[in-house]
There are 2 protein chains.
Amino acid sequence: MAKESGVTARDVSRHGAGRLHASGLARLKASGLRPTRQRLELAGLLFRGCDRHVTAESLHDEVTRAGVKVSLATVYNTLHQFTEAGLLRQVVVDAGRSYFDTNVGDHQHFFLEEEGYLIDIPGETIAVSNVPAPPEGLAVDRVDVVVRVKRA
Amino acid sequence: MAKESGVTARDVSRHGAGRLHASGLARLKASGLRPTRQRLELAGLLFRGCDRHVTAESLHDEVTRAGVKVSLATVYNTLHQFTEAGLLRQVVVDAGRSYFDTNVGDHQHFFLEEEGYLIDIPGETIAVSNVPAPPEGLAVDRVDVVVRVKRA
DNA sequence: TCATAGTTTAGAATAGTTCTAAACTGTTGA
DNA sequence: TCAACAGTTTAGAACTATTCTAAACTATGA
């Protein structure tokens, strides 16, 4: 048999829950993260195409429900590593729980507090103007806009 | 001796750490909150004029350092009651810790993550335009802007 | 002054997250 | 191919911020 690279077709079919696509593996490699079973499964769920908002717990539930065993600690580690690598963006809308967004482009959010639910607002949509210069010695890192909404 | 109202001059001089001003007492009364020693002390610290940003812990430290004994649970209760009453506004900038702002008017914030430090940006300064209509069944409650800054 | 409803509190409990150290696994080089 | 090693995962402990509980306390109105 040919030399095995880190992840084989056998691995994929054996742990197929989170459809491995090129993008998951490619993203991991590009970030210098070893393509382990756990990271591939999580990447498979996160990057399967549509933009997603997850919490550590929601993602852990999801991967578990898919029949894959990944510890909650690993989910936390992975979310942070992916964020570090620029594959995810952390969204702060709730003191007490962290959300991660697979859309890392410039955009903002609607946040439905009652349900802990986020909806993307494309970056070109909202315009924030006249942001004042920050005090001496500080530089703007990012401008976050959260449109808090309620059931009408 | 004349009938004592809830809070006497004696109370004030005895527990004087947080200079009782009309505004603290008046605010409590207007909100239907009993002017207890604890609430008056906390109101005294919070509403002494300048706008302030506190966390439960920072306020608890402050009141404790002032030589006044108030439990942390009471600080939490009080911050929430004041918020409920519209005397404070809760600011979400950090998943994991809640900030409360004595400025309840329309305004936004600089947030220095490294130090957990907030700076007000007056309401008229920043303009947020083209906020899209929220999805069917939802109504905009508030638009929060957080300008995250770093030491340059 | 008394009764009562509202308030405070210590300490236990909880939620979300991070840490630890031991077991495991992907990768590399021979 | 395989040993060795660095990187990874994990269970469970630990930690932080916060909320809960139930008993003691206090402001208020009669």
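Reader: Hi! How many residue pairs are in polar contact between chain A and chain B?

Author: Hello! The count is 14 residue pairs, both partners at pLDDT 80 or more. A polar contact here is a pair of N or O atoms within 3.5 Å; within protein, one must be able to donate a hydrogen and the other to accept it, and residues adjacent in sequence count only if both atoms are side-chain atoms. Please keep in mind that this is a predicted model, where local features need pLDDT of at least 70, side-chain atom pairs count only at pLDDT 80 or more, and totals for chains, interfaces and linings use all residues. Residues are numbered from 1 along each chain as its sequence is written, chains are lettered from A and ligands numbered from 1 in the order in which they are written, and side-chain values use heavy atoms, with hydrogens and water left out.

Reader: Thanks! Which strands of chain A supply at least two residues each to the side that touches chain B?

Author: Strand 4 (107–112), strand 5 (117–122), strand 6 (127–129) and strand 7 (138–151) of chain A do. Strand 7 of chain A gives the most, with 14 residues. Strands (E, at least two residues) and helices (H or I, at least four) are DSSP runs, numbered from the N terminus.

Reader: And what is that side made of, by class?

Author: It has 24 nonpolar, 6 polar and 8 charged residues. Ala, Val, Leu, Ile, Met, Phe, Trp, Tyr, Cys and Pro count as nonpolar, Asp, Glu, Lys and Arg as charged, and the others, Gly among them, as polar.

Reader: How much area do chain A and chain B bury between them?

Author: About 3100 Å², 62% of it on carbon and sulfur atoms. In chain A, the residues losing the most area to chain B are A:Val92, A:Leu138 and A:Arg148, together 18% of what that side buries. Buried area is the accessible area (1.4 Å probe) that two parts lose on being put together, summed over both.

Reader: How many salt bridges cross the interface of chain A and chain B?

Author: The rule finds 4 there, while the structure holds 18 over all chains. A salt bridge is a side-chain nitrogen of Lys or Arg within 4 Å of a carboxyl oxygen of Asp or Glu. B:Arg148 forms one with A:Asp144, their closest N and O atoms being 2.8 Å apart.

Reader: Back to strand 7 of chain A: how many bridges join it to strand 7 of chain B?

Author: There are 13, and the two strands run antiparallel. A:Val149, for instance, stands opposite B:Val140. Two strands pair if DSSP finds at least two bridges between them.

Reader: What turn lays chain A on chain B?

Author: A turn of 180 degrees does it, with a shift of 0.0 Å along the axis and an RMSD of 0.0 Å. That is the relation of a two-fold axis. The same surface serves both copies, as 100% of the contact residues of chain A recur in chain B. Contact means heavy atoms within 4.5 Å, and copies are superposed by least squares on the C-alpha atoms of residues with pLDDT of at least 70 in both.

Reader: New topic! What do strand 4 and strand 5 of chain B form?

Author: A hairpin, with 4 residues between the strands; B:Gly116 in the turn has a positive phi of about 60 degrees. These strands run antiparallel and are joined by 6 bridges, with B:His109 standing opposite B:Asp120.
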